[in-house]
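This report looks at the cysteine pairs of one protein model and at where they sit in the chain.

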Amino acid sequence: MTVLLCAVVVLLLGGCGTRVGGASPTETGPIPWTIAEPSAVTAARLGADHRTLSIDANVPSGEHSCVRDFKAVDTDAEYGTVPGTVHVQVTFNSPASDRRSGCTKEKTATVRVRLPEPLGERELVVDNDTVFTTDGAKALALRLCGRLGCHPPATGCTTASYEQAMIAVGAPMHSYRDAEHCDGKWLVLDFSWRTGPACGDDTKDSACTSRLGDRYFFRAERSGWKPFFESAAGGCRAVRRREPAFPTALCASLEPLSSTLHPSYSPPSPSGSPATAR
């Protein structure tokens, strides 16, 4: 009898103690508006008073309203100042986190904030990771700084310059340099990165000491070290075949990278059998 009654209730209400079929509450409920930061801050300008900032940022866009309460706030008064910088936070409310809102595109919007005093020579830091400077900027516009800061290191045989080279080749995070051969115009850079589990100081397990590596060749350009060749081979033959002007003094003593650092793999065989390392 209980089974029969439950079956009747299922037909009438869609379930006996369990919701069956239909849309979930998140599919039918109201679309939430949440606080967010721009996906990118692209430009900043000073007003004639040198205190009013106009900041361009990417915000959600769609058929209906996607942004409200778009604002920029000088946060130094609340969180404390850092010498040489002014910190501004840009936020807005948006339903873009829910795709039902239709806010799946982006557009550029401008927001303004007035600083307590002129910006002067201080750097502007927006949302903690986008930095602008007046140094080298035109008129009242601010110059967007890159990953190497507002004043990148001069290209040369220096640690800071080698870091720029690592960024240029997209070296994995936490990579470390194994060797550099440099004359100021040309550079060979060997670097490697750990793989496997995080083992702390344990060096007994081979899995904890495993790593991969790479070797790149660079030429100096106005923008910094520019990679032009990658090879695990030793000596000069491979690189000079690519660039005859590369100096032998920087490559003659190069040893081939170990196959454990720079493994290569055979292409799949026509039969589809798995490739084997060589």
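## Basis and overview

A disulfide is taken here to be a pair of cysteine sulfur atoms within 2.5 Å. The model is predicted, and it holds four disulfides, three of which are described below.

## Cys145 and Cys150

Cys145 is joined to Cys150 by a disulfide with an S to S distance of 1.9 Å. The torsion about this S-S bond is about 95°, and the disulfide is therefore right-handed. Both partners are buried, since Cys145 has a relative accessible area of 12% and Cys150 has a relative accessibility of 6%, where the cut-off for buried is under 20%.

## Cys66 and Cys103

The sulfur atoms of Cys66 and Cys103 lie 2.0 Å apart and form a disulfide, which is left-handed because the torsion about its S-S bond is about -95°. This pair links distant parts of the chain, with Cys66 in the loop between β3 (52–61) and β4 (68–74) and Cys103, 37 residues apart from it, in the loop between β5 (85–94) and β6 (105–114).

Cys66 is buried, with a relative accessible area of 5%, and Cys103 also counts as buried, at 6% relative accessibility.

## Cys157 and Cys182

A further disulfide is formed by Cys157 and Cys182, with 2.0 Å between their sulfur atoms, and a torsion of about -85° about the S-S bond makes it left-handed. Because Cys157 lies in the loop between β9 (143–144) and α4 (159–168), while Cys182 belongs to strand β10 (residues 176–182), the pair ties together parts that are 25 residues apart in sequence. Cys157 is partly exposed, its relative accessible area being 39%.

Note on methods:
Residues are numbered from 1 along each chain as its sequence is written. This is a predicted model: local features need pLDDT of at least 70, side-chain atom pairs count only at pLDDT 80 or more; totals for chains, interfaces and linings use all residues. Side-chain values use heavy atoms; hydrogens and water are left out. Helices (H or I, at least four residues) and strands (E, at least two) are DSSP runs, numbered from the N terminus. Buried means under 20% relative accessible area, exposed over 50%, partly exposed in between (1.4 Å probe, protein chains only).
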